[in-house]
Amino acid sequence: MSSHTLPLTKSKKRIHLNFFENACTGSHMSPGQWRDPLDQTYGKDRLPYWLNLAKLAEAGKISFIFFADSYSLFDIYDSSIAPILRAGAHTAALDPMVIIPAMASVTKSVGFGVTGSTSYLTPFILARTMASLDHLTEGRVAWNVVTSWSKSAALALGQDDVVPHDERYGVAHEYMDLVYKFWEGSWADDAKVWDRERRVAYEPEKVKKITHDGKYLKSSSPFQTHPSPQRTPVLFQAGTSKMGRAFGSKHAEAIYVGGLVPSQTAGSITQIRADAAAQGRDPQSIKFFVGITPIVGATLEEAQAKYERARENADIVGGLAQFSGYTGIDLSRFPLDEIFELKDAPGDAATHTFLENFNKSTGNKDPWTPRRLGETMALGGFHPAPVGTPEMVADVFEQWIDEADVDGFNIAYVTSPGSFEDVVYLLRPELVKRGLMWDDYDIPGGTLRENLYGVEGQKYLRNDHYGHKFRYGSDFKGDTMTEQVTEKINGAESETKTNGRIVPVKNGEVTVTETELSVKYS
């Protein structure tokens, strides 16, 4: 393992572009676009779609193919899954983790980010899966750490409801301590020897049993998988709540942020960088990616024609179902073409705030109807969605770089592969011309972390990253275990507060809502 952190070079910021995907068969962020004759997302349940996408990404020097994922269908709008099924979006989903090795087999440098939940995947299984992917991709994997907020997912996975927001982050911090122990602390770098003379494949004394007995999680086992090229995958995270920022500033190497204009996002980025610096991290070692849905044409007329075709194919109700799925607010009671009358019903205040913020951000003062919201959601939604020539769209990208200090973009498609091809063949050359992208990967054939930082040899977590403390031989137990010892000293060995209530934890049940929800941890 590297014993030092290599310096980051400082020059004009060069950005990373990610393809933002979902292994659903059909549309991801743009419901209804499967109707376009050129769209090929109906083929996502077969390997050729993914192999061709991987080759396109590598040709365009894309940093990640980033997979969002969830464990349920959107069922909030009209209390039904029918709207999202008809729209052909966020449904018929495959497990993205099984697709990645095939994509890696036809590429050398592009990375793969994949989502995994700290609420539903046990730490040992998640750690083994990610280590396996890191081996099979030769070190080109990132884990998008999520805590899971959807009640539908909780029901699908055997729970009665989601664990409250702050409690989920409490679990996630301990979860990270445990997976760091597996990835960083169980095997020595030189445990693998393949010594034919001594008849030793792996040195037994260099593989350590991990014993963890925490507030939420428990494990007692050596890690099953030998160290992968990166040991710990690149750590991606989304979330700008107070708890999300604290988690990201401690653990994340890359963070996915939202916002329609740079001013909405700049403050969060500045705060997270400051929080990271306060913990001894180089604030520039966290890379921020904003979501964006560009519609690019060789001419403005071509771009406008693509936009109008997308409008025709947009599924309005599917867009509303997507909004309802993200927010938990059922908008089906509102007639499509009547101006919203938002009063005191549940969710009205949150919807009003979103619509007001959208108008303030874009300068559009038109009144909101469900039809307008549905179309907006079907054509970029919560993301900026610039329409124009490569030069015009590159101007938008530069504005985000200059005003919000972002390091890259998660690019969502309208149609695939068309939207991604426009990025590679129209937009990227303009970004290269402006010095914002590279002619080739910094380290062709290198690990994802090396190419994320642009530093050859930076395969492992940086020395200033919290997870580096768990390296083999350090015997570091983790901050959550220190906190548990403090609780024991204070007489709180077997109890914790949740929703203002004292409840038992681990090995029993955790009551987390006023309706006596119980969630078991294994």
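Helix axes are taken here as lines fitted to C-alpha atoms over the stretch in contact, and angles run from 0 to 180 degrees between N-to-C directions. Helices (H or I, at least four residues) and strands (E, at least two) are DSSP runs, numbered from the N terminus. The model is predicted, so local features need pLDDT of at least 70 and side-chain atom pairs count only at pLDDT 80 or more, while totals for chains, interfaces and linings use all residues. Residues are numbered from 1 along each chain as its sequence is written, and side-chain values use heavy atoms, with hydrogens and water left out.

A good place to start is helix H13, which spans residues 390-404. Its 15 residues reach 21 Å from the first C-alpha to the last, close to the 21 Å expected at 1.5 Å a residue; the expected span is 1.5 Å times one less than the number of residues. Buried positions in H13 (under 20% relative accessible area, with exposed meaning over 50% and partly exposed in between, for a 1.4 Å probe and protein chains only) are Pro-390, Val-393, Ala-394, Phe-397, Trp-400, Ile-401 and Ala-404. Seen down the axis of H13, these buried residues fall within an arc of 130°, so they line one face of the helix. The arc is that of the directions from the helix axis to the C-beta atoms. An α-helix has 3.6 residues a turn, so residues three or four places apart point the same way.

H13 packs against H14 at an angle of about 60°, their axes lying 9 Å apart. The two helices are therefore oblique to each other, a term for angles that are not under 35 degrees (roughly parallel), over 145 (roughly antiparallel) or 65 to 115 (roughly perpendicular). From H13, Pro-390, Glu-391, Val-393, Ala-394 and Phe-397 make the contact (heavy atoms within 4.5 Å), and they meet Leu-426, Leu-427, Glu-430 and Leu-431 of H14.

The backbone around these helices also deserves a look. H13 is followed by Asp-405, which lies in the loop leading to strand S14. Asp-405 has a positive phi of about 65° although it is not a glycine, and its relative accessible area of 28% makes it partly exposed. Beyond S14 (408-412), the loop before H14 (418-433) holds Pro-417, and a cis peptide bond with omega of about 10° joins Ser-416 to Pro-417.

Another non-glycine residue with a positive phi is Arg-199, at about 60°. Arg-199 sits in the loop between strands S5 (192-195) and S6 (200-202) and counts as exposed, at 79% relative accessibility.
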